Each structure stands twice: as structure tokens, then as C-alpha cells.
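Me: Could you take a close look at one strand for me, and then follow it outward to whatever it touches? I'd like the cut-offs spelled out along the way.

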Amino acid sequence: MNGLAPVGPPQILASLGVPFRLHEHPDVTGPVEICAALGVPLERTVKTLAFVTPEDRLLLAAVPGHARLRYGALARAAGVRRNDLSPAGAGRLARAGMRPGGVCPVSADRGAMVVFDGTVSSLGRVRCGSGRPDSSIEIEAAELIAAVPGAATASIVALPADGPA
């Protein structure tokens, strides 16, 4: 280790040449708060939930903002037991270049396992975490997925019955 803090998602995306826009806003931690601050519908967001396995491996689940994660489906997609998933704390996120409230599927943690819900690819232009709670990334969903080599795609959410038309 060189002692430097890990780079965040915007720097990683920029180094890959992925086009995106960074939007600053007040510190917010929930998708509904972010949508209100930015004037963006929840259906046009990708929230990323962070977990750790007993081996301290980071597992990131990237799902549509209005969907509910199915934990058992995520565990199956990741090849772990449901009971082995624990929420990632602030210290674990910091090692991946992120803070609570700004988790992104693009991570400085090269060992992280990322699972995108299969519906994310069809969302078009979305907002997602930037690694910090005071900004978010606007990006094409397909470009976001492509920026995470080795990511898995699986059906890991339940969508609301009255979802967007």
C-alpha cells in the first residue's frame, strides 16, 4: 500500500473514459432525498447496497431505486449463504473509496463482487452514488454496467406492482 486514500468512483470512471456528469447536492443518504434534491424520479436512479461476507469481501448490489432487494436472490447470485451477508460499515466502505450515502457499483476495491439487477440495463440515463453523500453521478445505465468488469447480472429485486409505465 502506498498510504494514499483509494480513488472514488468519479475518478475511476474518468480514467476509463466513461462519459458521466457529477451533480453536487446537500448531504443526503436515501434515494428519496436524493431524488427530491435533484428533481429526478426514483425510477431513474440506481441504488447500490453494500454488504460484506465473512471473508471481508465487499458485495455490491446495484438495483433500480424504486425496487426492493431480494436478499436470498442476491446471495444465490453471489454464491454465498443469505446468513453470511452483513451490511458494510463506514470503515469497509472507506477502503473501497466510498462513504455511506454515496455507494456506487464502481469501486476502488478490485476484489469487490458486484451484482446488477437485470432490469438496470434498460433504465437509460440514471443517477447513482458517487462515493460521497454530497454528489451523485448521471450516467447511461449500460455504460455504468460496462465500467464494472466481471459484474454479474441476475434477477435480485421485487419491483412495485404499480411501477412506472
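Reply: Happily! From strand β6, Met113, Val115 and Asp117 point one way, while Val114 and Phe116 point the other way, and all are buried. Here buried means under 20% relative accessible area, exposed means over 50%, and partly exposed lies in between, with a 1.4 Å probe and protein chains only. In a regular strand the side chains alternate between the two faces of the sheet. Since five of the five residues of β6 (residues 113–117) are buried, the strand is largely enclosed by the rest of the structure. Strands (E, at least two residues) and helices (H or I, at least four) are DSSP runs, numbered from the N terminus.

A word on the source: this is a predicted model, where local features need pLDDT of at least 70 and side-chain atom pairs count only at pLDDT 80 or more, while totals for chains, interfaces and linings use all residues. Residues are numbered from 1 along each chain as its sequence is written, and side-chain values use heavy atoms, with hydrogens and water left out.

Now to the neighbours of β6. Two strands pair if DSSP finds at least two bridges between them. Strand β3 (residues 58–64) pairs with β6 in the parallel sense over four bridges, and Ala61 stands opposite Val115 there. Strand β9 (residues 152–154) also runs parallel to β6, joined by three bridges, with Thr153 opposite Phe116.

β6 also reaches the largest pocket: β6 and α1 (9–16) each supply at least two residues of its lining, and α1 gives the most, with three. A pocket is an open set of points on a 1 Å grid over the protein atoms alone, where a 1.4 Å probe fits, with protein on both sides within 12 Å along at least five of seven lines; lining residues have an atom within 4 Å of a point. Of the 18 lining residues, Ile12, Ser107, Arg110, Ala147 and Pro149 lie nearest the centre of the pocket.

One step further out, β3 leads to a salt bridge, meaning a side-chain nitrogen of Lys or Arg within 4 Å of a carboxyl oxygen of Asp or Glu. Asp56 forms one with Arg95, the closest N and O atoms being 2.4 Å apart. Asp56 sits in the loop between β2 (45–52) and β3, and Arg95 in helix α4 (residues 90–95), so the pair ties together parts that are 39 residues apart in sequence. Asp56 is partly exposed, at 33% relative accessibility, and Arg95 is partly exposed too, at 48%.
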